[in-house]
Amino acid sequence: MATTSSMFMYSLTIQPPTSITQAILGQFAGTKEQQIVSASGSRLTIHRPDPVNLKITPVLSLDVFGIIRTLAPFRLAGSSKDYIIIGSDSGRITIVEYVPAQNRFNRLHLETFGKSGVRRVIPGQYLAVDPKGRACLIASVEKNKLVYVLNRNAQADLTISSPLEAHKSNTLVFAMVGLDVGYENPVFAALEIDYSDIDQDPTGQVYEDVEKQLVYYELDLGLNHVVRKWNDPVDRTATMLLQVPGGADGPSGVLICGVDNITYRHINQDQFRVPIPRRRGAAENPERKRNITAGVMHKMRGAFFFLLQSEDGDLFKVTIEMAEDDAGQATGEVRKLIIKYFDTVPLASNLCILKSGFLFVASETGNHHFYQFEKLGNDDNEIEFNSDSYPSDPRQPYTPAFFTPRPAENVKLVESIESMNPLMDSKVANLTEEDAPQIYSICGTGARSTFRTLKHGLEVMDIVESPLPAPPTRVWTTKITRGDEFDAYIILSFSNGTLVLSIGENVEEVSDTGFLTSAPTLAVQQLGEDALIQVHPRGIRHIRADKRVNEWPAPQHRSIVAATTNQRQIAVALSSGEIAYFEMDPEDGSLAEYDERREMTGTVTCLSLGEVPEGRVRTQFLAVGCDDSTVRILSLDPDSCLENKSVQALTSGPSALKIMAMADSSSGGSTLYLHIGLWSGVYLRTVLDEVTGELSDTRTRFLGPKRVELFQVSVQGQQSVLALSSRAWLGYSDPQTKGFNLTPLSFPALDWASNFSSEQCPEGVVGIEKQSLRIFSIEKLGDSLLQESIPLTYTPRKFVRHPDFPLFYTIESDNNTLAPSTRQQLINDTGLVNGEAAILPPADFGYPRAQGHWASCIHIVDPVDTKSCLAQIDLEDNEAAVSVAAVTFASQENETFLIVGTGKNIKVSPRSFDAGFVYVYRFLEEGKELEFIHKTKVEQPPQALLGFQGRLLVGIGNEIRIYDLGLKQLLRKCQAQVSPNLVTGLQTQGSRIIVSDVQESVVYVVYKYQENRLIPFVDDSVPRWTSSTTMVDYETVAGGDKFGNIWLLRCPQKTSEEADEDGSGAHLMHERQYLQGTPNRLALMCHHFVQDIPTSIQKTQLVAGGRDILVWTGIQGTIGIFIPFVGREDVDFFQSLEQHLRSEDAPIAGRDHLIYRSYYVPVKGVIDGDLCERYPLLPNDKKQMIAAELDRSVREIERKISDMRTRVAY
Amino acid sequence: MADKLRTLQNLEHLQSRYLGTGHADTTKHEWSSNLHRDSYASYIGHPALLEYMSIGMGESREKVRAAMVEKMVRPVGVKNVEEEG
């Protein structure tokens, strides 16, 4: 059970991870079309490639609440639909199918085979499937292999057998693949090493001599057991296997990829070997051997080829040539293996070749790429290397092969899918003075790294912007007859007149439309079949098709203040507070006023009529907003015309109303809503009962400090509400979940808007922005975080903001990469050893690599004005930047300096280095330039830097030190050994410093100024491999660790007070140690497993007027939040909701949700919002059941869930 | 005697079934080899952790994965004869 706590947080993901662990290709919908299924963290996503529009869109994403380790597609013989097998950490094998009709995943089988969790001998690491879909093998890194026989029963349903064991103890598996053997018994190939003798051998000779084996496991379908059919030693360095087509398509067997070579092996075939070509180039080391890191086999009619990728990103095309007998018939014998350079694409974790001629590259880091094949490299000038020239024995030497990389010729990039993976650091700040802050982050590795600005908003495509002679107040578009497909006129209302523009090839003014142009307009409507209506302050103008004009004048001394119309009805409010109601006579199209006028208590500010429902003559309700802060629903039924139906009291006067039907996730169909905008900038959405006119289920959202105007627009085929306040917001239902979303548009604030439809732009919006007319469209719904990227040079590690100006300073470093100076030196060197080659853009081809070299730099990034890097400072002497801070020195009249910590000749594992340095830079030109002041040598690379009370605090090894700025170098003022291993982070408030250790959680340290002493006074009892921390308040720290946990620790009140007592701190110094640590221990408040490794945590707000929350980012690209609960009542509610959801909507991969969130430490004080947000997606009967159990209505529960999110985040 | 035999058999059964189950004479080398193999298997099995390490090392994920399986072959060096005495 969840451990209780006095503090509760609600955990939500606002951007799921974008790193793809594995991507598979298949016909998952059962049609000819191929889809891609990817695993990112705990999410299973199905993407649909669109060969016409050349893009790839996610169709469905599901959180399985478990770690997805491997995926495999399979298809039963004769079927046209692929199923997905998931190997996860649940100790179970899961088979799911995609149901396109309902757009969901359906679990077909869940078979338990072992303990849960990622363990050495529990299968789940490797998954191999027989190409004919008859069996699959799931294996662990060591020992265990289980074979499941897949079949179908009489009902054509998929069946799965009990597992057959193929275990072999003390055996490590490097790779595993299903062999293509046609319809013979299924065979699986594995690369194995048996270490049993190595452990027993004291001389080390056995280790030297051990061989790597290629092992074939055959599943005898007749006898129903698995045998080790064949094994043979292969290259010791081999790490990867690829299936070679068999049966009628090819020779069967496998390709074995090792260091610098690829070998073809099969049981009754000779072996063939080709080298992996190395890059030619001045800065390339000719001795460096490459590995194959990803590969894909593609079968076409009668032929097949492989694309293999080396660690540089170079793709090589490998083909197999078959032997022919004298008659020219293929004998089934392999004759040779051929390899040649194909193209260079980003380093992939998976490559997928689509039948429609596309290549999907699931990148290891950075954006995923979607390429189109232009040719297959058949007739080009690339040098081919074939196995004839190379010995097949892996121990024999050979001359290496070389190729010259060149820009891509065979593939063309058609779409780059944004991915923030890896997200190295982030900061939430409002630099653009908008309502809501932005998220600034550094992402990616190597030359593909970027600085990204994330903004909440929908992407808008600007179509027209044209200035107008005077600022208009309102705008409408209208068709001329009901049957028209597109709008014909744009009507602009000014303070003293009206302008009519016709829409056509070009937009121009027209005068013979019958509209009154000498007065402002209040409403425009296409009425009945072919008439037009213009409402102006003095009356209603009814323009018939033959340009006859009927005018209904407003009563004397009164004018029209508000109006609403639909295809058959008109309601106007007079300045006297009366409402006049008109209906069109269906016979002759004339307007008839209802004989009574309804007098309202206050002045009417706004009115709304809904659309006339299909098959009816009128809409039932009129919504009336009055300045006494009420909205009334009046009946329009002829029997009870203009009678009150219901009233809603508001917090402020209503400024706009809109009755419209929208898709609704709670009822599953469409529901009538009343949208209300208030003068105070608040937007409300209430359900309007279609029979009784009752208002219920009000949801509130603050949009901005300006009054709200509401408009109905059509976006991507759905009726959406456009709400204008200090920003424009769009209310729509999410294409995937059908839940209601309200998202700001990334567009300047508008004053008025209207739906716009023309031939060029069938679904657009026309709006007024100050004195210009804007026409735009919204292309994509669902993705509500907009990204802007600025390219960086190397892998960014950390960044800081300038204290006053909107500038960031990033430190970047790349391991095993040549520094620019070394590179230049090699290029200039005349005694070239490795040939000449053009210098290619590093963003596509990477930098030349060399063991032990570092390339590192500091960048000044301006994400607001120029959106670019302003300057780059390269570090020399194989130094790499490891930490950065902007520190104010009291001794320098509070001037701020940029401090950068570096290390020389760093080796990552095991950690070693020659020295560390602290660089000091002065900000010049408002931070746009940096001036180097001096550098100070320290014993170790300083992993943490922090400004502390007008001086610099540095974490060096297991010590922290206080430095002041001197003329020649930094001056050490104070130091203390506070942490057991390595200081990786520092946080401070007042005299308190929170030191995070690489392995041993955090230590609280107090600085005693008089004594100049740093005294640790409280630490933790659990080792936590801290990756990032932040102080939540003076006593509490929130942090994340390298195993994917987020936790909150609190110092006991008494200890906290004692530490800050005046005096020397002697009592702290002499207090007795407790279990070799500090005298006191921290208390755990919250603990939650989030799966991704947190790289930054920050306490901040995300929306205007929102509360403080914790925003964290994970290395795989996750952005999540923790929202503190205010009351116990909500906690109880969500706890029981969670409990019901765990049992009613059990995670699909078979991992128990509670155990998953308690992966390392039992979950404490955290409600999983991602689980709670599954509630609206449940089938209706389950929703009802849970609602009944919780004693609440379905709508109430859904409101509570959506409020949790919208109050503080997106 | 029969009891002792059964205990022994039970233990052997456990050892064959659950990898790393110790016995009275487990050496430091056996114990630490086992521990390191467990750790490497865990690094490989958690995608986020593998990515974290591969970025730290500046190598590709697949290369780091293969290197870790390779390290599992002999994680803590040769067996020390003296220690076992």
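**Salt bridges, interface and cores in a two-chain model**

At 59% relative accessibility, A:Lys1054 counts as exposed; here buried means under 20% relative accessible area, exposed over 50%, and partly exposed in between, with a 1.4 Å probe and protein chains only. The structure is a predicted model, so local features need pLDDT of at least 70 and side-chain atom pairs count only at pLDDT 80 or more, while totals for chains, interfaces and linings use all residues. Residues are numbered from 1 along each chain as its sequence is written, chains are lettered from A and ligands numbered from 1 in the order in which they are written, and side-chain values use heavy atoms, with hydrogens and water left out.

A:Lys1054 pairs with A:Glu1058 in a salt bridge, the closest N and O atoms sitting 3.6 Å apart; the term covers a side-chain nitrogen of Lys or Arg within 4 Å of a carboxyl oxygen of Asp or Glu. Both residues belong to helix H5 (residues 1053-1059) of chain A, where they are four residues apart, about one turn of the helix. Helices (H or I, at least four residues) and strands (E, at least two) are DSSP runs, numbered from the N terminus. Unlike exposed A:Lys1054, its partner A:Glu1058 is partly exposed, at 22% relative accessible area.

Over all chains, the whole structure holds 74 salt bridges. In one of them, A:Glu529 meets A:Arg482 at 3.1 Å, N to O. A:Glu529 lies in the loop between strand S42 (523-527) and strand S43 (531-536) of chain A, and A:Arg482 in the loop between strand S38 (474-478) and strand S39 (489-493), so the pair ties together parts that are 47 residues apart in sequence. The helices of chain A get a link too: A:Lys1200 bridges to A:Asp1130, with the closest N and O atoms 3.1 Å apart. This pair connects helix H11 (residues 1194-1208) with helix H7 (residues 1128-1144) of chain A, across 70 residues. Both ends are partly exposed, A:Lys1200 with a relative accessible area of 21% and A:Asp1130 with 23%.

Some salt bridges join up. A network links A:Arg279, A:Glu284, A:Arg288, A:Arg290, A:Glu311, A:Asp312, A:Asp314, A:Arg849, B:Glu59 and B:Lys63.

Turning to the interface, 36 residues of chain B are in contact (heavy atoms within 4.5 Å) with 60 residues of chain A. About 4100 Å² is buried between the two chains, 58% of it from carbon and sulfur atoms; buried area is the accessible area (1.4 Å probe) that two parts lose on being put together, summed over both. Six salt bridges cross the interface of chain B and chain A. A:Lys212 pairs with B:Glu70, for instance, at 3.8 Å between the closest N and O atoms. Polar contacts between the chains come to 16 residue pairs, both residues at pLDDT 80 or more. Such a contact is a pair of N or O atoms within 3.5 Å; within protein, one must be able to donate a hydrogen and the other to accept it, and residues adjacent in sequence count only if both atoms are side-chain atoms.

On the side of chain B that touches chain A, two or more residues each come from helix H1 (2-17), helix H2 (28-45), helix H3 (47-57) and helix H4 (61-73) of chain B. H4(B) gives the most, with nine residues. By type, this side of chain B splits into 15 nonpolar, nine polar and 12 charged residues, where Ala, Val, Leu, Ile, Met, Phe, Trp, Tyr, Cys and Pro count as nonpolar, Asp, Glu, Lys and Arg as charged, and the others, Gly among them, as polar.

The largest nonpolar core has 48 residues, and A:Leu191, A:Leu214, A:Leu241 and A:Val254 make the most contacts inside it. A core is a set of buried Ala, Val, Leu, Ile, Met, Phe, Trp, Tyr and Cys residues joined through side-chain atoms within 4.5 Å. Leaving aside neighbours within four places in sequence, A:Leu214 is in contact with residues including A:Ala189, A:Trp230, A:Val234 and A:Ile256. Apart from this core lies another, of 45 residues, among them A:Val118, A:Val1103, A:Leu1137 and A:Ala1187.

A few backbone details round this off. Cis peptide bonds join A:Asn421 to A:Pro422, with omega about -15°, and A:Ser909 to A:Pro910, with omega near -10°. A:Lys770 has a positive phi near 50° and is exposed at 63% relative accessibility.
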